[in-house]
Amino acid sequence: MKENPKPRTKPRTKPRTLLNKRAIEPYIWLLPSIVMMGVLILVPIITVFQTSFSKISKAGKNKGFAGLDNYLWIFKQPAFRHTLMNTVVWTIVVVGLSTILGIILGLVLNEKFHGRKIVRAIVVFPWATALIIQSVIWKYIINADYGALNTLLIKLGIIKSNVNWTATPQMFFAWECFVGILVTIPFVTFCVLSGLQSIDASLYEAAEVDGASFWNKLFSVTLPLLMPSLTVSTVLNIIYVFNSFPIVWTISKGDPADMTHTLVTYLYKLSFTNQRVGEAAAVSVIGFIILAVCASIYMFMTLRAEKED
Amino acid sequence: MKKVLAALLAAAMTLSLAACGGGGDKSNTPPAGGSGSGTPAPAPSGDKVAISAIISQYGNYTQEWWTQFEKNFEAAHDNIDLNIEIVSWNDIYTVVSTRIQSEQQPDILNISGFADYVADDLLMPAEEYVSDHVKNNFIPSFWESNAIDGTVWALPILASCRAMFCNMDLLNEAGITAAPKTWDEVLTACKAIKDKFGDSIVPWGLDISTDEGQAAFAYYTWNMGGGFVDANGDWALNSEANIKAVEYMKQLIDSGYCNSAPYTDTRYPLQDAFSAGTQAMMIGAMNMVKADSTVNYEAVSLPGEGIGLGVCDQLMVFKNDSAPDQAARTEAIKAFFDFFYDCERYSDYMVFEGFLPATLDASEYLASNAEKHTVGGSGGATGDSEYFKTFCAQLPDCQFYPLSESKWIDVKNGVIEAEQQVCQGQISAKDALDNLQANIAG
């Protein structure tokens with residue numbers, strides 16, 4: 001009877017120490033990453049917030065606390081209001097259309113046909129090429145005086161004289177959206193493809209047995225099962241497209257008359273061309289908040305939907 | 001044991017990361033030579049006085065010339081430790097701004113524009129750092145363009161001026177026998193070229209982009225009797241002449257006489273088009289035509305008043321109250337300027353970079369001795385005295401941007417925006433310039 005407690009107490013004390021060590025170990029391994037994130041992400045975010053409430057001279061001297069002056073100045077600028085609208089349009093159009101086109105392309109590339117591997121490789125090209133290079137190429141393609149598009153259309157006999165493809169700010173912006181869609185499609189396509197390949201073929205067989213049409217299968221089997229992949233690609237695309245800089249800056253630099261800016265190019269111009277660092281930081285904070293709110297709402301809705309399912 | 005090692009490794013990684021982050025400034029400090037440009041005070045290294053300079057990168061070989069300069073300077077001044085850092089134009093304003101925020105500004109800076117530094121009380125008057133010989137040797141208009149309320153805050157380092165370039169073969173073929181001398185003649189020549197060549201030749205190159213839209217404003221307003229400021233030096237952005245000038249730009253666009261995207265076409269594709277012979281006329285810098293171009297062109301004074309745009313970058317001296325020996329620092333900076341503005345050495349730099357000198361003796365010297373100096377990165381090609389003779393003669397007649405005005409950056413961006421709004425038809429020239437004048441002067 002007395003021997004019984006001994007084996008009970010011994011195993012209890014040893015695992016506790018082991019447990020403590022095991023509990024700490026992951027954090028030790030994570031520490032470098034946490035420190036790195038702190039230095040490279042948190043510090044800049046805090047600095048930008050601080051700067052947005054500071055008066056920074058054009059020479060770069062911090063002249064102290066400015067309160068909400070930078071924000072008030074920003075909200076008074078017609079260019080800012082226009083930029084905000086552009087950013088919403090840019091994000092919705094580029095993410096929305098590239099997602100629709102990416103789904104269609106993904107469905108096509110999931111079918112078996114000759115040369116499928118080559119087509120898949122071609123689809124990857126725009127994704128694998130630097131954005132800045134693609135933007136520069138498109139800028140020259142659409143140039144009215146010496147661009148390839150006019151030359152091609154004249155040689156094909158479609159037009160007789162040069163067409164100015166960028167005559168208005170709206171046309172400029174439409175081209176930028178077009179390039180944005182073009183470079184975003186591959187990412188969505190491959191997210192969709194990976195999602196499609198994880199769908200069990202027996203589900204389609206069962207649907208066919210039940211007499212489901214192509215559209216029935218698409219809306220009742222394919223798209224619901226693609227949702228996790230689409231959620232990831234859409235959230236990443238919203239963040240990525242919202243913050244995209246090279247396309248707009250390379251093609252128009254926000255011109256004419258600041259009519260084609262998105263928030264990122266506008267704050268860059270404010271900071272590095274107009275030397276208004278405090279105001280640029282305020283725009284940056286506004287963009288950060290918008291993005292954080294959008295991403296949070298989207299994630300919240302998605303998680304709630306998954307929970308309900 | 002493995003766990004102890006793992007913990008040590010993790011700790012070491014953390015520490016090394018912390019060291020990388022905390023040592024950010026160290027990366028800015030050049031590996032050799034006393035206090036670098038990342039050091040606030042020109043602390044004596046041994047018996048030497050250390051001074052630092054940030055120089056703008058004008059070309060691919062700027063570093064090469066200044067490295068040799070640094071060696072020669074230190075050989076001639078064994079009590080001075082000079083540290084030169086070359087920074088590209090793309091980064092220089094950001095680099096300087098960051099240094100100012102962290103109070104690590106250099107002793108000497110080469111950049112364009114100084115009024116904002118004066119406004120923040122960061123500069124010393126440059127006139128106190130040059131000998132009378134150097135001071136009296138600057139082309140007077142250049143020297144005066146760097147003064148605020150009678151005090152000269154910066155020294156002109158180099159200059160370039162703008163002229164109107166005409167492809168004479170194209171003009172002749174279109175029936176125009178001489179380069180236009182008035183703005184009406186420009187329109188006539190543009191019409192003749194458009195009628196003759198259609199879409200294949202762009203008659204006139206116009207750049208009202210963010211890159212240099214303020215230069216276009218200067219070309220047209222100065223030569224139609226207007227400008228940025230009036231005779232008293234007050235902003236006069238909405239003068240009648242300026243309104244007329246902006247309307248003229250719109251006329252060029254609406255008539256189809258210029259490139260189709262003047263809002264985004266910078267001078268570089270326009271210069272390329274001119275050099276390739278697909279654009280008949282434009283206003284540009286004196287060295288804008290490519291060396292291998294076969295275009296038969298003439299570079300002439302701008303139409304109208306014939307006023308050229310002079311572009312002049314500066315050298316300036318930053319304050320440094322923490323310098324241990326102010327007198328020694330002042331002497332070292334004076335020695336730097338004396339050494340740099342030595343006629344032959346300065347002329348050598350002008351030929352090397354392809355710019356015009358801002359000093360009288362170098363202008364005279366290069367008009368007949370440019371062949372003694374080589375062009376940077378040219379594989380031994382020498383300067384052309386005739387070129388210097390032609391363009392140096394135009395320099396005294398050049399006008400400059402009002403860089404000494406602290407609102408210059410706002411004006412510069414404002415005139416570009418006004419030009420673009422007017423040319424897009426969003427607003428009339430009068431309203432756009434009235435709004436700008438109210439924002440700036442009001």
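Which residue in strand 2 of chain A does Ser54(A) stand opposite? The partner is Phe65(A), and this pair is a handy place to start a walk through what is a predicted model. Ser54(A) belongs to strand 1 of chain A, residues 54-56, which runs antiparallel to strand 2, residues 62-65, with two bridges joining them. Together the two strands make a hairpin with five residues between them. If you look at the turn, you will find Gly60(A), whose phi is positive at about 105 degrees.

Now step back to the whole of chain A. Besides its two strands, the chain has 12 helices. Following the sequence, you meet one helix, then the two strands, and then helices for the rest of the pattern, α-β-β-α-α-α-α-α-α-α-α-α-α-α. For 309 residues the globule rule gives 19 Å, but the radius of gyration of chain A is 27 Å, well over that value, so the chain is more spread out than a compact globule. Along its principal axes, the C-alpha trace spans about 105 × 70 × 30 Å. Of the residues in chain A, 32% count as buried. Sequence separation adds another view of this chain: among contacts between residues at least 6 apart in sequence, 66% join residues at least 24 apart.

The domain assignment divides chain A into domain 1 (16-52) and domain 2 (69-308). Their centres, taken over C-alpha atoms, are separated by 33 Å. Four residues from domain 1 of chain A and seven from domain 2 of chain A take part in the contact between them. On the domain 1 side, two of these residues are nonpolar, two are polar and none is charged.

Chain B also has two domains, and here each is made of two stretches of sequence: domain 1 covers 39-160 + 311-388, and domain 2 covers 164-307 + 400-441. The C-alpha centres of these domains of chain B lie 31 Å apart. Their contact draws on 12 residues from domain 1 of chain B and nine from domain 2 of chain B. On the domain 1 side, helix 5 (115-119) and strand 5 (147-148) of chain B are the elements that give two or more residues. Helix 5 of chain B gives the most, with three residues. By class, that side has six nonpolar, five polar and one charged residues.

What about the interior? The largest nonpolar core has 128 residues, and the members that touch the most others are Ile51(B) and Met316(B). Strand 7 of chain B, residues 154-167, provides the largest share of this core, nine residues. Both domain 1 and domain 2 of chain B give residues to the core, so it lies between them. For a closer look, centre your view on Met316(B): leaving aside neighbours within four places in sequence, its contacts are Leu109(B), Phe114(B), Tyr117(B), Leu123(B), Ala126(B), Trp153(B) and Ala154(B). A second, separate core has 26 residues, including Trp90(A), Leu105(A), Phe172(A) and Val241(A).

Helix 14 of chain B, residues 343-353, shows burial along a run of sequence. Tyr346(B), Ser347(B), Asp348(B), Tyr349(B), Met350(B), Val351(B) and Phe352(B) are buried in this helix. Their cover includes helix 3 (62-76), strand 7, helix 13 (326-340) and helix 15 (360-369) of chain B. After helix 14 comes Gly354(B), with a positive phi near 80 degrees.

Further along chain B, helix 18 (residues 429-441) holds Gln437(B). Is this residue buried or partly exposed? Gln437(B) has 19 other C-beta atoms within 10 Å, and because a buried residue needs 20 or more, Gln437(B) counts as partly exposed. Not counting residues up to four places away in sequence, Gln437(B) touches Trp235(B), Leu237(B) and Asn238(B). Its C-alpha atom is 9.2 Å from that of Gly414(B), 23 residues apart along the chain.

Finally, see how the two chains meet. In this interface, 36 residues of chain B are in contact with 34 residues of chain A. On the chain B side, helix 1 (2-22), helix 4 (92-101), helix 5 and helix 17 (408-423) each supply at least two residues. Helix 1 of chain B gives the most, with eight residues. The residues on this side divide into 14 nonpolar, 17 polar and five charged.

Definitions and conventions. Residues numbered from 1 in each chain as written. Chains lettered and ligands numbered in written order. Predicted model: local features only at pLDDT ≥ 70, side-chain atom pairs only at ≥ 80, totals over all residues. Domains from an automatic or database assignment. Contact = placed C-beta atoms within 7 Å. Helix = DSSP H or I, 4+ residues; strand = E, 2+ residues; numbered from the N terminus. Nonpolar A, V, L, I, M, F, W, Y, C, P; charged D, E, K, R; others polar. Pairing = 2+ DSSP bridges. Core = buried A, V, L, I, M, F, W, Y, C linked by C-beta atoms within 7 Å. Buried ≥ 20, exposed ≤ 12 C-beta atoms within 10 Å, placed from the backbone. Rg over C-alpha atoms; globule rule 2.2 N^0.38 Å.
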